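Got the viewer open? Let's walk through this one stop by stop, selecting as we go.

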Amino acid sequence: MSRPVPVDVVVIGAGAAGLMCAIEAGRRGRRVVVLDHARAPGEKIRISGGGRCNFTNRDAAPRNYLSANPGFAISALRRYTAQDFIARMDRRGIAWHEKTLGQLFCDGSARQVVDMLTDDLREAGGELRLSTAVTGIERTADGFTVATVNGTLASTSLVIACGGKSIPKMGATGFGYEVAERFGLALQPTRPGLVPLTLDPALLERLGPLAGVAVEARVSHGKGRNETRFEEGLLFTHRGLSGPAILQISSFWREGDEIALALAPGTDLFARLREARAAHGRQSPATALATLLPKRLAQLIAEREAGAVNLADLSDKALRRIDEAVNGWRLKPTGSEGYRTAEVTLGGVDTAGLDSRTLEARAVPGLYFVGEVVDVTGWLGGYNFQWAWSSGWVAGQVA
Ligand code: FDA
């Protein structure tokens, strides 16, 4: 092994969390090196939000995150808030807009966010080493040595910011989890989150004509006090269901669970169909439904539930059946599309082993875990980047 080059902080992972942490540590005068095996930094930032990066959510709060310890994120999210990141964007002059539900996107390109972070890192004196795979990590008396394909570094602090397993094609690895285990930290089981759900072939065949149809829907999972529901867009696909409402619920769904769909939420469909029957008895059920639903969806449900009849031919019981098919549809997805398309990885480094104010491993002074590798996962809508900024920022104050 070559003689280790001494630095203060080594950050593994040049994504949102790692860059934020490195900038903050650099601003405190620490000598920081960020390592990444990818050829470019912030690749997930670049492709996020359809290339416009949903960089935060104006209303980000702990309730928008899943974790075995739901209170863990409170401290970091309070110390570095969505407003703090918005102010950073404003100082840099990056124009943005609110799309919906507090979700903030760049007006221009996500690249602006990557450029801001890499410029800030340079100004803070931090060094970025790309295409640099880590080949070994050892703990020493006063810190760590990190061996890479391009030489070895010795540091007092080591920050693990290498994200989750989602989208392996983009360089995602389980490396952060391996490091955690190596140092004796516990892991919460990992699984894909914010991911399209798949349906069984028989149901898919029936729904085949709907591929590409989108509808505003309410999707729920669980019952009573454990019920979680989202009212957002739903998209029928060739494999099953996607769209924001499905991605949201996928993080709560477990194999074997049912989900409930309301495709015309907030509408008393039975009352609407009775009115239509009274006023336009010769109308077909499909035409009546098409006032509320996309035409192809209306047709499929009407044909299945009523056949080729007029509204006048349908009893109250038949209208209730249509109502139930639209707003009380329960189904069991067979699975998800997995890490290949998941936006995030649920689970990860167990927060019980981390200090919530600093993200430092309790049992390994100087070792930090930030961003998605930690068992804190946000809803869809800018919450995951906010966790990356907040967790990276707090670690950067002390690493
Ligand atoms: P991130 O994954 O960003 O960075 C990890 C870095 O570590 C990568 O650069 C990787 O190359 C590197 N790395 C991994 N293994 C390594 C190893 N062994 N050695 C060296 N380096 C290694 N969130 C949101 O809030 N708004 C949005 O609009 C979107 N949109 C979106 C779209 C798509 C397609 C995806 C896949 C995800 C999103 N997300 C999102 C989620 C968001 O991208 C994600 O939560 C953050 O990028 C997590 O930031 P991290 O810095 O923790 O990991």
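How many helices and strands does the secondary structure of the protein chain come to? Colour by secondary structure and you can tick off 13 helices and 23 strands. Keep in mind that this is a predicted model.

**Stop 1: the whole chain**

Zoom out until everything fits. The C-alpha atoms fill a box of roughly 85 × 40 × 35 Å along the principal axes. Switch on a surface next: the accessible area of the protein chain is about 17400 Å², and 49% of that belongs to carbon and sulfur atoms. Of the 399 residues, 55% count as buried. Among contacts between residues at least 6 apart in sequence, 73% join residues at least 24 apart.

**Stop 2: the annotated ranges**

Select residues 8–397, which UniProt lists, in an unreviewed entry, as "domain: RsdA/BaiN/AoA(So)-like Rossmann fold-like". This range is 31% helix and 24% strand, and its end C-alpha atoms are 13 Å apart. Now give residues 191–344 another colour: the UniProt annotation there, also from an unreviewed entry, reads "domain: RsdA/BaiN/AoA(So)-like insert". Here the chain is 34% helix and 23% strand, with 9 Å between the end C-alpha atoms.

**Stop 3: the ligand**

Centre on the ligand and show the residues around it. Which residues come nearest? Out of 30 in the shell, they are Ala 17, Asp 36, Thr 173, Glu 372 and Phe 385. By type, the shell splits into 14 nonpolar, 12 polar and 4 charged residues.

Turn the cartoon back on to see where some of these residues come from. Helices α1 (16–27), α2 (43–47) and α13 (383–396) each supply at least two shell residues, and α13 gives the most, with 4.

Now try some distances from the ligand's oxygen atoms to the backbone. A backbone N or O atom of Glu 372 sits 2.8 Å from a ligand oxygen. For Ala 16, a polar backbone atom is 3.1 Å from an oxygen of the ligand, and for Gly 382 a backbone N or O atom is 3.5 Å from one. The ligand has 990 Å² of accessible area on its own, and the protein covers 92% of it.

**Stop 4: Ala 38 and Ser 131**

Select Ala 38, in the loop between β3 (32–35) and α2. Draw a line from its C-alpha atom to that of Gly 171: they are separated by 6.4 Å, although the two residues are 133 apart along the chain. Leaving aside residues up to four places away in sequence, Ala 38 touches Leu 130 and Ser 131.

Hop over to Ser 131, in the loop between β8 (127–129) and β9 (134–140). Its phi is near 50°, a positive value in a residue other than glycine. Ser 131 is partly exposed, with a relative accessible area of 41%.

**Stop 5: Leu 359**

Another non-glycine with a positive phi, about 65°, is Leu 359. Find it in the loop between β21 (344–349) and β22 (367–369). Is Leu 359 buried or exposed? Buried, with a relative accessible area of 0%.

**Stop 6: helix α11**

Finish at α11, residues 295–305, and show its side chains. Leu 297, Ala 298, Leu 300, Ile 301, Ala 302 and Glu 305 are buried. Their cover includes α7 (201–207), β15 (214–221), β16 (228–236), α10 (285–289) and α12 (316–327). Just after α11, click on Gly 307, where phi is positive at about 75°.

Key. Residues are numbered from 1 along each chain as its sequence is written. This is a predicted model: local features need pLDDT of at least 70, side-chain atom pairs count only at pLDDT 80 or more; totals for chains, interfaces and linings use all residues. Side-chain values use heavy atoms; hydrogens and water are left out. A residue is near a molecule or strand if one of its heavy atoms lies within 4 Å of it. A polar contact is a pair of N or O atoms within 3.5 Å; within protein, one must be able to donate a hydrogen and the other to accept it, and residues adjacent in sequence count only if both atoms are side-chain atoms. Accessible areas come from the Shrake-Rupley method with a 1.4 Å probe; for residues, only the protein chains shown count as cover. Ala, Val, Leu, Ile, Met, Phe, Trp, Tyr, Cys and Pro count as nonpolar, Asp, Glu, Lys and Arg as charged, and the others, Gly among them, as polar. Buried means under 20% relative accessible area, exposed over 50%, partly exposed in between (1.4 Å probe, protein chains only). Contact means heavy atoms within 4.5 Å. UniProt positions are given in the numbering used here, feature names are shortened, and annotations may be inferred rather than shown by experiment.
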